[in-house]
Amino acid sequence: MIAYGPSIALFAGMIISIHGAVVYLVGRKLLRLPVEELLVASNANIGGAGTAAAFASERGWLTLIMPAVLVGSVGYIIANPIGLLLAHYLA
């Protein structure tokens, strides 16, 4: 398992880099959304509802706490069944 560590770390870095590029290009350049909203939404998508709410609270963006929890929860609702289906079919 240790032999796969660098490959997995590289893959995770690529996924996060692509996510950041898409969020920046679509959110900031195309939709012209505020940076605060993009950062909280990105955190909710990668880290989940809890980390996004903590991030928004720590930065003082109190109006973004509830949207952070909502986006993170919707992510859980969508991704968990997809993950279970993939695990079932790939196992």
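**Exercise 1. The residue after α2**

Task: find which residue just after α2 takes a positive phi.

Solution. Look just past the end of α2, and you will meet G48, whose phi is positive at about 100°. Keep in mind throughout that you are working with a predicted model.

Now compare a second positive phi. R32 has a phi near 55°, and R32 is a residue other than glycine. Its place is the loop between α1 and α2. With a relative accessible area of 66%, R32 is exposed, since the cut-off for exposed is over 50%.

**Exercise 2. The length and surroundings of α2**

Task: work out what span helix α2 should have, and compare it with the distance between its end C-alpha atoms.

Solution. Start with the residue count: α2 covers residues 35-47, which is 13 residues. The rule to apply is 1.5 Å times one less than the number of residues. That gives an expected span of 18 Å, and because the end C-alpha atoms of α2 are 18 Å apart, the two agree.

Next, ask which residues of α2 are buried. They are L38, V40, S42 and A44. And what covers them? The cover includes α1 (5-30), α3 (49-59) and α4 (65-90).

**Exercise 3. α2 against α3**

Task: describe how α2 and α3 pack, then list the residues that make the contact.

Solution. A general reminder first: two packed helices are described by the angle between their axes and the distance between the axes. For α2 and α3 the angle is about 150° and the axes are 7 Å apart. Angles over 145 degrees count as roughly antiparallel, so α2 and α3 are roughly antiparallel to each other. Their crossing is right-handed.

From α2, the contact uses L39, V40, N43, A44 and G47; from α3, it uses A49, T51, A52, F55 and A56. Sorted by class, the contact of α2 with α3 has seven nonpolar residues, three polar ones and no charged ones.

**Exercise 4. α3 against α4**

Task: decide how α3 and α4 are oriented to each other, and say which classes of residue form their contact.

Solution. Take the geometry first: α3 and α4 pack at about 165°, with 8 Å between their axes. The same cut-off of over 145 applies, and α3 and α4 are therefore roughly antiparallel. The crossing of α3 past α4 is right-handed.

Then turn to the residues. α3 brings A49, A52, A53, A56 and S57, while α4 brings I65, A68, V69, G72, S73 and Y76. In the contact of α3 with α4, eight residues are nonpolar, three are polar and none is charged.

**Exercise 5. α2 against α4**

Task: give the packing angle of α2 and α4, and name the residues that meet.

Solution. The angle between α2 and α4 is about 35°, and their axes are 8 Å apart. This crossing of α2 and α4 is right-handed. On the α2 side you will find V40, A44, N45 and G47, which meet A68, V71, G72 and Y76 of α4. The tally for the contact of α2 with α4 is five nonpolar, three polar and no charged residues.

**Exercise 6. Three buried residues**

Task: show that A56, H19 and G27 are buried, and find what each one touches.

Solution. The test is a relative accessible area under 20%.

- A56, in helix α3, has 0% relative accessibility, so A56 is buried. Setting aside residues up to four places away in sequence, A56 touches V40, W61, L62, L64 and I65. V40 lies 16 residues from A56 along the chain, and their C-alpha atoms are 6.4 Å apart.
- H19, in helix α1, counts as buried because its relative accessibility is 18%. Beyond residues up to four places away in sequence, H19 touches S42, N45 and I46.
- G27 also lies in α1, and at 6% relative accessibility G27 is buried. Leaving out neighbours within four places in sequence, G27 contacts V22, R32, L33 and L38.

**Exercise 7. Pairs across the chain**

Task: find how far apart the C-alpha atoms of Y89 and R28 are, and say whether Y89 is buried or exposed.

Solution. Y89 belongs to helix α4. Y89 and R28 are 61 residues apart along the chain, and 37 Å separates their C-alpha atoms. At 64% relative accessibility, Y89 counts as exposed.

For another pair, take G27 and A87: 60 residues apart in sequence, with a C-alpha to C-alpha distance of 31 Å.

Notes: Residues numbered from 1 in each chain as written. Predicted model: local features only at pLDDT ≥ 70, side-chain atom pairs only at ≥ 80, totals over all residues. Heavy atoms only, no water. Helix = DSSP H or I, 4+ residues; strand = E, 2+ residues; numbered from the N terminus. Buried < 20%, exposed > 50% of the residue type's maximum accessible area, 1.4 Å probe, protein only. Contact = heavy atoms within 4.5 Å. Axes fitted to C-alpha atoms, helices over the stretch in contact; angles between N-to-C directions. Parallel < 35°, antiparallel > 145°, perpendicular 65-115°, else oblique. Left-handed = near helix turned anticlockwise from the far one by under 90°. Nonpolar A, V, L, I, M, F, W, Y, C, P; charged D, E, K, R; others polar.
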